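Me: I would like a close look at one part of this model, the surroundings of the bound ligand. Please treat that part in detail, and then place it within the rest of the fold.

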Amino acid sequence: MLKPNQNYAQLKQSYLFHNIALKISDYQSKNPEKKIYRLGIGDVSLPLSDCVINALHEAVEDQAKQSTFHGYMPECGAGFLREAIAAHYRQRGVELAPEEVYISSGASDELGDILDLFDASNAALVIEPAYPAYVDANVIAGRKILHLASGAHNAFLPEPEEADADLIYICSPNNPTGAVFNKEQLKKWVEFANARGAIILFDAAYEAFIEDEALPHSIFEIEGAKTCAIEICSLSKTAGFTGTRLGYTVIPKELTRSGMNLGEMWVRNRTTKTNGVSYILQKGAAAVFTERGQQQIRQNIQVYKQNAKVLTAVFDKLGIWYCGGKNAPYIWIKCPNGMSSWEFFDYLLQEIQVVGTPGEGFGKCGEGFFRFSSFGDTEDTKVAATRIYQLLK
Ligand code: PLP
């Protein structure tokens with residue numbers, strides 16, 4: 001008799017986005033004439049840049065001709081894209097061989113798949129509040145999860161604590177808090193991981209939003225990281241690829257545990273479980289790493305950053321505690337007047353038709369906090385910011 005994976009029964013129901021959708025549709029059915037201002041979304045709203053679109057078109061044309069047609073692509077990624085990404089890291093002072101860069105269909109896919117490299121007996125440490133997939137992917141794999149709560153007292157950037165962690169999730173810039181670890185703080189985590197023989201899974205999905213020159217975009221800017229970290233990145237937020245799908249993962253050649261080389265294991269995994277990412281998408285992605293591509297994606301990111309500025313200006317005027325917004329697309333505020341996350345959600349929806357994301361949905365220590373996203377429409381963000389100010393002043 002087939003036995004399904006019993007760990008699925010251990011997954012907690014994720015009510016967050018379901019509840020938000022229910023509350024919005026309930027409100028809209030009662031108030032059909034009211035417009036909703038959506039500052040809750042984690043998806044981008046601007047289309048792909050010209051550079052990417054042109055490269056995608058050209059790649060489609062390549063597939064139409066015998067002389068330029070591509071069939072199966074290399075499982076770990078096309079050489080041209082792995083080289084372009086390694087060159088991009090080099091500009092930041094991080095030396096990588098193209099073979100240390102693995103092309104993926106996005107960070108979500110990779111955050112789940114990479115767990116194949118690790119035994120189920122390993123414990124995963126998740127810094128909370130956190131992107132929910134970290135916990136769920138490990139629950140599905142039957143792994144023990146250690147929760148490390150953060151809070152306003154450490155600006156949502158906790159230091160390592162003595163814990164039996166084997167896998168350590170670090171997301172910087174963080175979703176949902178927008179907080180970013182500086183080099184000294186990350187160095188402590190790298191030293192901790194190396195001392196324990198643990199591995200850091202560094203989620204750099206929002207690195208392109210960093211504007212403060214001193215902040216690290218990659219964990220490999222930290223000395224010692226090549227012996228304890230895997231970096232997972234994505235073009236979703238960097239270049240608007242949420243619906244196009246492309247990401248990359250860095251596994252340094254030095255990364256070994258118990259005599260096994262993690263990069264070699266990953267090659268074996270990819271060659272078994274994938275036939276590579278489509279040629280067309282990899283061509284589109286390579287355009288992001290050209291000079292023109294970098295200029296164009298920065299223009300889009302600036303639009304989101306301007307949205308964030310409009311919102312943080314309001315929180316500054318109101319004297320509301322927040323982090324994020326400057327080097328990240330998310331602004332994480334303390335709910336005013338001691339309101340809970342969901343009370344504040346209801347209050348904003350009912351009074352001014354503004355929707356954000358209750359912090360409690362990202363872990364218990366997110367209770368009393370609230371996430372605003374800068375990925376929304378610019379005009380809507382301006383109206384929402386004015387409404388928030390009028391309501392809370
Ligand atoms: N990691 C974090 C922290 C995210 O917020 C997201 C998406 O919102 C992802 C990974 C997934 O990115 P992708 O679209 O590449 O799957």
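Which helices each supply at least two residues of the shell around the ligand?

Reply: The model is a predicted one, and the description below should be read on that basis. The helices in question are α4 (107–113) and α7 (236–239), each of which contributes at least two residues to the shell. Of the two, α4 gives the largest share of the shell, with 3 residues. In total, 15 residues surround the ligand, and the closest are A107, D203, Y206, S234 and S236. Sorted by class, this shell consists of 7 nonpolar, 5 polar and 3 charged residues.

Several oxygen contacts can be described individually. At A107, the residue with which the range of α4 begins, a backbone N or O atom lies 2.7 Å from an oxygen atom of the ligand. S234 contributes through its side chain, a polar atom of which is 2.6 Å from a ligand oxygen. R245 likewise places a polar side-chain atom 2.8 Å from an oxygen atom of the ligand. Taken on its own, the ligand has 400 Å² of accessible area, and the protein covers 91% of it.

R245 deserves a further remark on its backbone. This residue is found in the loop between α7 and β8 (247–250), and its phi is positive, at about 75°, although R245 is not a glycine. Most residues other than glycine have a negative phi, and most peptide bonds are trans. Two peptide bonds depart from the second of these tendencies. The bond from S172 to P173 is cis, with omega near -5°, and the bond from N175 to P176 is also cis, with omega near 20°. P173 lies in the loop between β5 (167–171) and α6 (183–196), and P176 is located in the loop between β5 and α6 as well.

The strands named so far lead to the first sheet to be considered. Seven strands form an open sheet in the order β2-β8-β7-β6-β5-β3-β4, and their pairing is mixed. At its edges stand β2 (101–104) and β4 (144–149), each paired on one side only. From one strand to the next, the twist averages 20°. Within this sheet, β7 (residues 229–234), the strand whose range ends at S234, pairs with β8 in the antiparallel sense over 4 bridges. One of the bridge pairs sets I232 against T249 in β8. Helix α6 lies across β3 (123–128), β4, β5 and β6 (199–203), and runs at about 165° to β5.

Another open sheet has 4 strands in the order β11-β12-β15-β14, with antiparallel pairing. Its edges are β11 (322–324) and β14 (357–358); each has a single partner strand, so one side of each is left without a neighbour in the sheet. Strand β12 (residues 330–334) runs antiparallel to β15 (residues 369–373), and 5 bridges join them. Across this pair, I333 stands opposite F370 in β15. Helix α10 (residues 291–318) packs on the sheet, where it touches β11, β12 and β15, and its direction makes about 15° with that of β12. Helix α11 (residues 341–352) also packs on the sheet, touching β12, β14 and β15, with its direction at about 50° to that of β15.

To return to the part requested, the ligand shell draws at least two residues from each of α4 and α7, while polar side-chain atoms of S234 and R245 and a backbone atom of A107 approach ligand oxygen atoms.

Technical notes:
Residues are numbered from 1 along each chain as its sequence is written. This is a predicted model: local features need pLDDT of at least 70, side-chain atom pairs count only at pLDDT 80 or more; totals for chains, interfaces and linings use all residues. Side-chain values use heavy atoms; hydrogens and water are left out. A residue is near a molecule or strand if one of its heavy atoms lies within 4 Å of it. A polar contact is a pair of N or O atoms within 3.5 Å; within protein, one must be able to donate a hydrogen and the other to accept it, and residues adjacent in sequence count only if both atoms are side-chain atoms. Accessible areas come from the Shrake-Rupley method with a 1.4 Å probe; for residues, only the protein chains shown count as cover. Ala, Val, Leu, Ile, Met, Phe, Trp, Tyr, Cys and Pro count as nonpolar, Asp, Glu, Lys and Arg as charged, and the others, Gly among them, as polar. Two strands pair if DSSP finds at least two bridges between them. Contact means heavy atoms within 4.5 Å. Axes are lines fitted to C-alpha atoms, for helices over the stretch in contact, and angles run from 0 to 180 degrees between N-to-C directions.
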